[in-house]
Amino acid sequence: MMIGEATDTAPEQPGAARLPLDAIRADFPILERTVRDGKALVYLDSGATSQRPVTVIDAEQEFITTANAAVHRGAHQLSEEATDAYEGARARIAAFVGASRPEEVVFTKNATEAINLVAYSLSNATFADPAVQPGAARFRLGPGDEVVITEMEHHANLVPWQELCRRTGATLKWFGVTDDFRLDLADLDEVITPRTKVVAFTHQSNVLGTVNPVHVLVAAAQKVGALTVLDACQSVPHQAVDIAALGVDFAAFSGHKMLGPSGIGVLVGRYELLEQMPPFITGGSMISQVFMDRTTYAAPPARFEAGVPMTSQAVGLGAAVDYLSDLGMKVVADHEHELTGLALDKLSALGGVRIVGPSDLTDRGGAVSFVVDGVHAHDVGQLLDDEGVEVRVGHHCAWPLHRRFGIAATVRASFYLYNTPDEIDALVAAVRKCQEFFGVAPAVGAARGA
Amino acid sequence: MQMEQLYQEIILDHYRTPHHAGLRDGDAEVHHVNPTCGDEVTLRVRLEGTGPDAVVGDVSYDAVGCSISQASTSVLTDLVIGKPLPEAFTVLGEFNTMVTSRGAVTGDEDVLGDGIAFAGVAKYPARVKCALLGWMAFKDATAQISDRQDSAHTQTGAQR
């Protein structure tokens, strides 16, 4: 079924462009399955990985059954077609996120590898031979230099910078998080200083849902000539993102969180920077010339794509981007905004539930983390699972952030374009049932606003 | 609803009123975490005697975690305190076998006592680590004591 065929979604809700929810859900075969003895699947874990529409599945299958070959190798027809499919996907993904040109898009295994690519390229620059790589000098890091991150980072945008600092002798600094779950930028000029070489931060927290003021951090970084690295894993899938307009030097995101396959991530980098950067992984495809004693590198993005790359995954991600583009990211974002508002209101109204994240919808995305008083997050997750409600529990790869708030683990519900208001009700009902099971349900009327 | 089978009353009782909780003197202290969820236990073991004659004198702990990990650590202390070490390890082995069996092994109540209440955990692979957190900490702590005793013996032997 084509997107937009159905028109019967939520007629009681007025408004401009809305998502055709029934038609969208029909595009995602997995949503029809049941779990745990026949319970309807209520999938609220898209922040971890999203489900895939048939167009993505079909695009991968079509590629494999008609054009599979190693890209950028050989002169045969299949190789040509495979290369066209691969590079065509690159161009569409570049356009989708506002990269200035397709060559600014580097395919990686996942977003974690994309961030590691930058971190390792910087340390490779630190040890580069100036005679061979004169351009690498500007990326050099050493004692006295500083790398700035934030306390709300996913481990993927934290550990690589810790390790880079360890290797180079640079110092790691970070912005804290305020009690109302926002980045604490009060001492901006003390954290970002002329010693700062890199500022790496998340666009949207995978735990709190907080959307960070990218322009403020970019302006501060640019003032001191520091590179900016944006973790866009939780923003690119859920809102219109224009990387060139944001002004960041690098942005990383993953395919599997935006309706695409796993096994593919993306690094978008400003071309003039990529051009000067040393490679991360070396081998075939990334070379210009190879001699027995030395090698020169290919131009980006090939320089950063050593070996035979993932191809059907790139094609699948291209199809995912087409799917999202057809719907329009504004409509997707508005839909998720509505679901987030419903979840915040209804969970808070239960009583005994504390939201770990901003309680208002300003600069806030659709990750709703919470704790249920008297019940550990793992136990909440287990009870929700028994009702067919699939959420994430734990520290969501943001352990320091949880430590900051003195919480061992949270429950996280995260939404996407295929989720419905009814599923928010299912979540809330399951949380209530969980409270009753563990004997911690507040008396009716004791809840906030009752 | 399979939740009553997973969260049996025995488990909820141990969770609400954990036995032998708190940290007391021990011969070794370990800190174990479940890196997927951040659950943590600090656990101390005190042995009476050495070698195969050692008896578990005390197991004390301070833990943050879900009901399964908290209750399981509480049950562990009931089962092993006062037992000769080899016997405690038999219980540990039986418990480990049961919770990692995906439901194939129901457990011997004569060996596991309240521990058989955790048979239901085996059907939820994501929770097996929770059930084993305290038990693995106990295993680690006793191994540290044994290693120390072994090296002490070796040194004594070398001095002779």
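**Exercise 1. Aromatic pairs**

Task: In this predicted model, find how many aromatic pairs the rule gives over all chains, and work out whether the pair of A:Phe437 and B:Tyr7 is stacked or edge-to-face.

Solution:
- Step 1. Over all chains, the count is 12 aromatic pairs.
- Step 2. The ring centres of A:Phe437 and B:Tyr7 are 5.7 Å apart, with 65 degrees between the planes.
- Step 3. Planes over 60 degrees apart count as edge-to-face, so the pair of A:Phe437 and B:Tyr7 is edge-to-face.
- Step 4. This pair crosses between chains: A:Phe437 belongs to helix 14 (residues 421-437) of chain A, and B:Tyr7 lies in the loop between helix 1 and helix 2 of chain B.

**Exercise 2. The interface of chain B and chain A**

Task: State how many residues each chain gives to the contact, what area is buried, and which side chains meet in a salt bridge.

Solution:
- Step 1. Chain A gives 19 residues to the contact, and chain B gives 25 residues.
- Step 2. About 1,700 Å² is buried between the two chains, and 56% of this area comes from carbon and sulfur atoms.
- Step 3. The rule finds one salt bridge across the interface. A:Asp379 and B:Arg127 meet there through their side chains, at 2.9 Å from N to O. A salt bridge requires a distance within 4 Å, so this pair qualifies.
- Step 4. Eight residue pairs are in polar contact across the interface, both residues being at pLDDT 80 or more.
- Step 5. On chain B, the elements that give two or more residues to the side touching chain A include strand 1, strand 2, helix 3 (67-80) and helix 6 (125-159).
- Step 6. The residues on that side of chain B are 14 nonpolar, six polar and five charged.

**Exercise 3. Three strands of chain B**

Task: Trace how strand 1, strand 2 and strand 3 of chain B are joined, and find what stands opposite B:Thr42 in strand 3.

Solution:
- Step 1. Strand 1 (residues 28-34) pairs with strand 2 (residues 39-48) in the antiparallel sense, over seven bridges.
- Step 2. These two strands form a hairpin with four residues between them, and B:Gly38 in the turn has a positive phi of about 85 degrees.
- Step 3. Strand 2 also runs antiparallel to strand 3 (residues 55-64), joined by nine bridges.
- Step 4. This second hairpin has six residues between its strands, with B:Gly49 at a positive phi near 85 degrees.
- Step 5. B:Thr42 in strand 2 is the bridge partner of B:His31, and B:Asp62 stands opposite B:Thr42 in strand 3.

Key: Residues numbered from 1 in each chain as written. Chains lettered and ligands numbered in written order. Predicted model: local features only at pLDDT ≥ 70, side-chain atom pairs only at ≥ 80, totals over all residues. Heavy atoms only, no water. Pairing = 2+ DSSP bridges. Contact = heavy atoms within 4.5 Å. Buried area = accessible area lost by both parts, 1.4 Å probe. Polar contact = N/O pair within 3.5 Å; in protein donor to acceptor, adjacent residues only side chain to side chain. Nonpolar A, V, L, I, M, F, W, Y, C, P; charged D, E, K, R; others polar. Phe/Tyr/Trp six-rings, centres within 6.5 Å; stacked < 30°, edge-to-face > 60°.
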